[in-house]
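Work through the exercises below with the sequence and the coordinates at hand, and compare each step with the solution that follows it.

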Amino acid sequence: MASSPSGTSSGSEDIQQLMDQRKRKRMISNRESARRSRMKKQKHLNDLVVQLNQLKDQNNKIVTNINMVTQVCLNVEAENSVLRAQMAELSHRLQSLNEIINCINSVNSVATTIDDTEVNGEDDFLNPWNLLHVNQPIMASADVFMY
């Protein structure tokens, strides 16, 4: 019976050692898991920092492009205004020239009509384009006024 208490104490020490060993193993496993978790978290943080820098670069490029496109748009609008003003001026000039052409065509049609009346034997004096009558003196005699 003396061996039984020492066997029991030896068995309980073995169980205690086994429990301590499992506890250490679990502690080491937990530490390793925590280390992997920290590393994963750090890698994720680094990836986010890289992504942040890429997005900042993209944002800067987009802002630069927007500014350039805005400037080009303003330049096109200014050029468009100039072209519209030039178009209005040229349209006005064209209208004036068309009015002059219409006036000349009217005068030419009147002159053609007058020329046609000359051919038909009408008086040249009525033709405003015939300047021969302008410089001729008007002759009158005293006999015309006395009866």
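The model is predicted, so local features need pLDDT of at least 70 and side-chain atom pairs count only at pLDDT 80 or more, whereas totals for chains, interfaces and linings use all residues. Residues are numbered from 1 along each chain as its sequence is written, and side-chain values use heavy atoms, with hydrogens and water left out.

**Exercise 1.** Determine the secondary structure elements of the chain and how much of the chain is buried.

Solution. Begin with the DSSP runs, in which a helix is H or I over at least four residues and a strand is E over at least two, numbered from the N terminus; the chain has two helices and zero strands. Next, take the accessible areas, which come from the Shrake-Rupley method with a 1.4 Å probe, only the protein chains shown counting as cover for residues. With buried set at under 20% relative accessible area, exposed at over 50% and partly exposed in between, 3% of the 147 residues count as buried. Finally, the accessible surface of the chain comes to about 13700 Å², and 60% of this area belongs to carbon and sulfur atoms.

**Exercise 2.** Find the salt bridges that involve glutamate 32, and then examine the pair of lysine 43 and aspartate 47.

Solution. Apply the criterion of a side-chain nitrogen of Lys or Arg within 4 Å of a carboxyl oxygen of Asp or Glu, by which the structure holds four salt bridges. Glutamate 32 is bridged to arginine 35, with the closest N and O atoms 2.3 Å apart, and to arginine 36 at 3.9 Å, N to O. Along helix H1, glutamate 32 and arginine 35 are three residues apart and therefore separated by about one helical turn, while glutamate 32 and arginine 36 lie four residues apart, also about one turn. Turning to the other pair, lysine 43 and aspartate 47 meet in a salt bridge of 3.2 Å, N to O, and both lie in helix H1, four residues apart. Lysine 43 is exposed at 52% relative accessible area, whereas aspartate 47 is partly exposed at 40%. Shared partners join Glu32, Arg35 and Arg36 into one salt-bridge network.

**Exercise 3.** Establish how many disulfides the structure has, and describe the accessibility of cysteine 73 and cysteine 103.

Solution. Search for pairs of cysteine sulfur atoms within 2.5 Å; over the whole structure, this search finds zero disulfides. Cysteine 73 is partly exposed, with a relative accessible area of 38%, and cysteine 103 is likewise partly exposed, with 47%.

Note on methods
Buried means under 20% relative accessible area, exposed over 50%, partly exposed in between (1.4 Å probe, protein chains only).
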